[in-house]
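I opened the notebook for this entry with the sequence and the model side by side. My notes follow in the order in which I looked things up.

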Amino acid sequence: MRSVRYDDGVPASVHRMRKSAFALTIISLAAVGCTTNPTPVIALGPWGGSHVTMQVTSVGARLEYDCAEGVIEEPLRPDSEGRFTATGTHTPGHGGPIRVGEILPSFRARYDGHVKGEQMSLLVTFTETGAQLGSFELRRGSSGVLVRCL
């Protein structure tokens, strides 16, 4: 049986093997690109400190302060140095009971933080005015200490 050869003298079967190997390499590289690890989120669960508590979830966080509350509307994803920025809302409260039907104003806020081990620092900035609340120091697993406004 006579073997078919290309102009370069290489048998056709070798050309087919090279094409198959090339295609397999491309497919493998594409698959690796699709399976990159997502950026990790900050440890889920309670974080607390003086005048603040925060419950971190996979989609954001809920905060309670002495006389206010906040919502972070996106996952908390720190960079390689532990810093994160996320957006959400901040709703100031007031002394005394909240009346039936009372709607408290809510303000857009940016939450800037830094996590190192079990510790977190957090600064809240009101988006519209630039006014800041904090800085707060939180510890993972702590329920925090709130002094409710009267």
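What percentage of the residues of the protein chain count as buried? I noted that 28% of the 150 residues do, where buried means under 20% relative accessible area with a 1.4 Å probe, protein chains only. The model is a predicted one, in which local features need pLDDT of at least 70 and side-chain atom pairs count only at pLDDT 80 or more, while totals for chains, interfaces and linings use all residues. Residues are numbered from 1 along each chain as its sequence is written, and side-chain values use heavy atoms, with hydrogens and water left out.

I then looked up the accessible surface of the protein chain, which is about 10100 Å², by the Shrake-Rupley method with a 1.4 Å probe. Carbon and sulfur atoms hold 59% of that surface.

Next came the secondary structure. I found one helix and eight strands, taken as DSSP runs (helices H or I, at least four residues; strands E, at least two) and numbered from the N terminus. The order along the sequence is α-β-β-β-β-β-β-β-β.

I spent the rest of the session on strand 1, residues 45–49. Four of its five residues are buried, so strand 1 is largely enclosed by the rest of the structure.

For pairing I used the rule that DSSP must find at least two bridges between two strands. Strand 1 runs antiparallel to strand 2 (residues 52–57), with five bridges, and W47 stands opposite M54 there. Two residues lie between the strands of this hairpin, and H51 has a positive phi near 75°. Strand 1 also runs antiparallel to strand 8 (residues 132–140), with three bridges; on that side I found G49 opposite L138.

Definitions and conventions. Buried means under 20% relative accessible area, exposed over 50%, partly exposed in between (1.4 Å probe, protein chains only).
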